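Work through the exercises below with the sequence and the coordinates open. Each task is followed by a solution in steps.

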Amino acid sequence: MLTVEGLRSRYGRIEVLHGLDLRVDSGEIVAVVGANGAGKTTLLKCLAGVQPMSHGQVSFRGENLTAL
């Protein structure tokens with residue numbers, strides 16, 4: 001259902017997400033946990049289209065959302 005492949009994002013010269021892969025199938029519930037500064041908020045911002053991705057692809061139900 002939701003697929004993230006090779007997601008990279010940066011703030012200026014500092015890369016904060018380093019090739020993240022994620023797959024969430026229909027009916028699954030997923031929690032994103034981690035230490036402060038681990039990139040949880042950046043991941044969600046990238047999925048929402050608020051934070052630009054420097055590399056990677058996001059697909060929902062097989063439709064590529066990366067360019068939206």
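**Exercise 1. Place L47 and classify its accessibility.**

Solution. Step 1: in this predicted model, L47 is found in helix α1. Step 2: the relative accessibility of L47 is 29%. Buried requires under 20% and exposed requires over 50%, so L47 counts as partly exposed. Step 3: leaving aside residues up to four places away in sequence, L47 touches L2, V4 and V58. Step 4: for a distance check, take the C-alpha atoms of L47 and R8, which are 12 Å apart in space and 39 residues apart in sequence.

**Exercise 2. Determine the strand order of the sheet and find where α1 packs.**

Solution. Step 1: the sheet is open and has four strands, in the order β2-β1-β3-β4, with antiparallel pairing. Step 2: β2 and β4 are the edge strands, since each pairs on one side only. Step 3: α1 packs on this sheet and touches β1, β2 and β3. The direction of α1 makes about 115° with that of β1.

**Exercise 3. Describe the pairing of β1 with β2, including the turn between them.**

Solution. Step 1: β2 covers residues 14–24 and pairs with β1 in the antiparallel sense, over eight bridges. Step 2: use two residue pairs to fix the register. T3 stands opposite R23 in β2, and S9 has L17 of β2 as its bridge partner. Step 3: the hairpin of β1 and β2 has two residues between the strands. In this hairpin, G12 takes a positive phi near 65°.

**Exercise 4. Which residues form the largest nonpolar core, and which elements each supply at least two of them?**

Solution. Step 1: the largest nonpolar core consists of six residues, namely V4, L7, L17, L43, C46 and V58. Step 2: at least two residues of this core come from β1 (2–11), and at least two from α1 (40–48). Step 3: look at the surroundings of C46. With residues up to four places away in sequence not counted, C46 touches L7, S9, L17, Q51, P52 and M53. Step 4: compare this with the core list, where L7 and L17 also appear.

**Exercise 5. How many salt bridges does the structure hold, and which residues are linked in a network?**

Solution. Step 1: the structure holds three salt bridges. Step 2: tabulate the pairs with their N to O separations.

| Pair | Separation |
|---|---|
| E15 and R8 | 3.0 Å |
| R10 and E15 | 3.6 Å |
| D25 and R23 | 2.8 Å |

Step 3: E15 occurs in the pair with R8 and again in the pair with R10; R8, R10 and E15 are thus linked in a network of salt bridges. Step 4: add the accessibilities of the network residues. E15 has a relative accessible area of 21% and is partly exposed. R8 is partly exposed at 32%, and R10 is partly exposed at 36%. Step 5: do the same for the remaining pair. D25 counts as partly exposed at 28%, whereas R23 counts as exposed at 60%. R23 is also the residue that T3 stands opposite.

**Exercise 6. Is S59 buried or exposed, and what does S59 touch?**

Solution. Step 1: S59 lies in strand β3. Step 2: the relative accessibility of S59 is 12%. The limit for buried is under 20%, so S59 counts as buried. Step 3: the side chains of S59 and Q57 are joined by a polar contact of 3.2 Å. Step 4: apart from residues up to four places away in sequence, S59 touches M1, L2, T3, N64 and L65.

**Exercise 7. Locate R61, then report its backbone phi and its accessibility.**

Solution. Step 1: R61 lies in the loop between β3 (55–60) and β4 (63–64). Step 2: phi of R61 is near 55°, which is a positive value in a residue other than glycine. Step 3: the relative accessible area of R61 is 63%. The limit for exposed is over 50%, so R61 is exposed.

How values were computed
Residues are numbered from 1 along each chain as its sequence is written. This is a predicted model: local features need pLDDT of at least 70, side-chain atom pairs count only at pLDDT 80 or more; totals for chains, interfaces and linings use all residues. Side-chain values use heavy atoms; hydrogens and water are left out. A nonpolar core is a set of buried Ala, Val, Leu, Ile, Met, Phe, Trp, Tyr and Cys residues joined through side-chain atoms within 4.5 Å. Buried means under 20% relative accessible area, exposed over 50%, partly exposed in between (1.4 Å probe, protein chains only). Contact means heavy atoms within 4.5 Å. Two strands pair if DSSP finds at least two bridges between them. A polar contact is a pair of N or O atoms within 3.5 Å; within protein, one must be able to donate a hydrogen and the other to accept it, and residues adjacent in sequence count only if both atoms are side-chain atoms. Axes are lines fitted to C-alpha atoms, for helices over the stretch in contact, and angles run from 0 to 180 degrees between N-to-C directions. A salt bridge is a side-chain nitrogen of Lys or Arg within 4 Å of a carboxyl oxygen of Asp or Glu.
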